[in-house]
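I opened this entry to keep track of what I looked up, going from the whole chain down to single residues.

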Amino acid sequence: MPWALLFSGALAYAALYAPQPLLPAIERALGAPPGAAGWGMAAPMLGLVLGPWGLLPRLAPRPALLLGLLGVGGGSLFAGLLPGFWVWVLLRFLVGVALSAVAVLGFALLPRLFPGRRAVAAFVALNALGGTLGRSAAGGLAALLGVPGALVLLGGLPLVLVPFFLRGRLPPPPRPQRPRPARAMGVGGVLLFANLFLANLLPYRLEAAGVGLAGVGAFYLAYLGGLVGPFLAGRLGEGAALLLALVGGTMLLTPAAGPGFFLFLSGVFGLHARFGEGFGRRGESAAYISGYYLGGMLAGLAYPPFLGRPLIWAVGLSLALILLGFRYNPAK
């Protein structure tokens with residue numbers, strides 16, 4: 001079961017982020033105006049904001065994780081059928097609520113289950129791998145199977161791990177030590193806002209430049225930077241991760257946008273691993289995860305007004321927020 005927990009985020013995040021490169025195509029399929037699919041990215045973030053304070057993470061770890069994976073897989077599968085715009089948005093919200101159990105308990109329990117093994121870095125890296133494969137595969141699969149076919153296939157992936165949580169026990173999460181939930185929420189929030197704010201804008205930019213669905217999906221292979229960043233930050237510290245984010249974000253304004261996005265995401269995921277582990281050891285993973293996805297929810301709502309603006313506005317805002325969050329990291 002510990003190894004299933006380590007890998008659970010990979011499949012869950014593949015299902016969560018698969019719609020991202022397909023946002024314009026989803027809008028066309030549902031007859032929605034440009035930018036409206038941002039609700040489908042914001043809704044699961046809202047679920048992940050509210051979920052850590054709700055029932056699932058308060059259950060015993062094993063049933064919480066079992067129900068969480070059932071909710072993510074089942075909800076994503078039905079949402080992939082695109083049953084109407086607002087039903088799709090509601091299902092995406094419920095996916096986020098279910099995923100909160102996996103995210104909170106991953107940061108809370110993995111340092112206890114794998115002491116001294118950089119388990120949180122591996123958890124974040126695997127989550128990034130899952131999100132990367134979900135995004136990149138969605139474009140190619142949509143070209144072959146259509147948008148609903150791609151989303152259904154990728155959405156059902158978390159159900160594969162359900163049998164591993166039908167038996168066994170897990171340790172309880174740590175109790176909060178000197179809890180500072182506002183700080184934990186703020187530090188987490190700026191990281192995912194910066195990440196998804198740019199990621200939500202980029203498919204529109206790429207399509208406008210004449211890139212097809214498969215090409216847009218391939219661009220999101222830059223999320224493989226999330227495999228590098230957590231381990232690099234674990235070895236060199238938060239400062240190295242911050243430098244990667246700043247350099248990579250600046251490169252988005254140049255013809256080397258693809259490598260720049262890779263470096264930017266390496267830095268962001270490196271900071272996420274370090275900060276998530278720090279708040280997890282303090283027993284504040286619920287506040288950190290809630291704030292992290294509050295930032296993601298706001299990114300889903302904030303990007304449409306930037307669709308017609310120069311990219312430097314979005315890049316500058318994202319990097320400024322990362323610098324602000326770095327001032328209040330849990331290592332201080």
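How much accessible surface does the protein have, and what share of it belongs to carbon and sulfur atoms? I read off about 12600 Å² for the accessible surface, with 71% of that belonging to carbon and sulfur atoms. I note here that the model is a predicted one.

**Entry: overall build.** I went through the secondary structure next. The protein has 14 helices and zero strands, so it is an arrangement of helices whose radius of gyration, 18 Å, is close to the 20 Å of the globule rule for 332 residues. By that rule the protein is as compact as a globular protein of that length. I also took the extents of the C-alpha trace, which spans about 50 × 40 × 30 Å along its principal axes.

**Entry: burial and contacts.** I looked up what fraction of the chain is covered. Of the 332 residues, 58% count as buried. I then checked how the contacts are spread along the sequence. Taking contacts between residues at least 6 apart, I found that 84% join residues at least 24 apart.

**Entry: charges.** I counted 22 positive and 5 negative charges in the protein. The mean positions of the two sets are 10 Å apart.

**Entry: nonpolar core.** Which residues have the most contacts inside the largest nonpolar core? I have them down as Tyr17, Trp88, Phe261, Phe264 and Tyr293, in a core of 112 residues. I followed up one of these, Trp88. Leaving aside neighbours within four places in sequence, Trp88 is in contact with Ile26, Leu30, Ala37, Gly40, Ala79, Leu82 and Pro83.

**Entry: two polar residues.** I picked Asn195 and asked whether it is buried or exposed. Asn195 has a relative accessible area of 1%, and because the cut-off for buried is under 20%, Asn195 counts as buried. Asn195 lies in helix H8, residues 181-208. Beyond residues up to four places away in sequence, Asn195 touches Tyr223, Phe264, Leu265, Val268 and Phe269. Of these, Phe264 is also listed among the residues with the most contacts inside the largest nonpolar core.

I did the same for Ser318, which sits in helix H14, residues 311-327. Is Ser318 buried or exposed? Ser318 is buried, with a relative accessible area of 0%. Apart from neighbours within four places in sequence, Ser318 is in contact with Ala194, Phe197 and Leu198.

Terms used
Residues are numbered from 1 along each chain as its sequence is written. This is a predicted model: local features need pLDDT of at least 70, side-chain atom pairs count only at pLDDT 80 or more; totals for chains, interfaces and linings use all residues. Side-chain values use heavy atoms; hydrogens and water are left out. Helices (H or I, at least four residues) and strands (E, at least two) are DSSP runs, numbered from the N terminus. The radius of gyration is taken over C-alpha atoms; the globule rule is 2.2 Å times the number of residues to the power 0.38. Buried means under 20% relative accessible area, exposed over 50%, partly exposed in between (1.4 Å probe, protein chains only). Contact means heavy atoms within 4.5 Å. Accessible areas come from the Shrake-Rupley method with a 1.4 Å probe; for residues, only the protein chains shown count as cover. Lys and Arg count as positive and Asp and Glu as negative; His and the chain ends are not counted. The place of a charge is taken as NZ of Lys, CZ of Arg, CG of Asp or CD of Glu. A nonpolar core is a set of buried Ala, Val, Leu, Ile, Met, Phe, Trp, Tyr and Cys residues joined through side-chain atoms within 4.5 Å.
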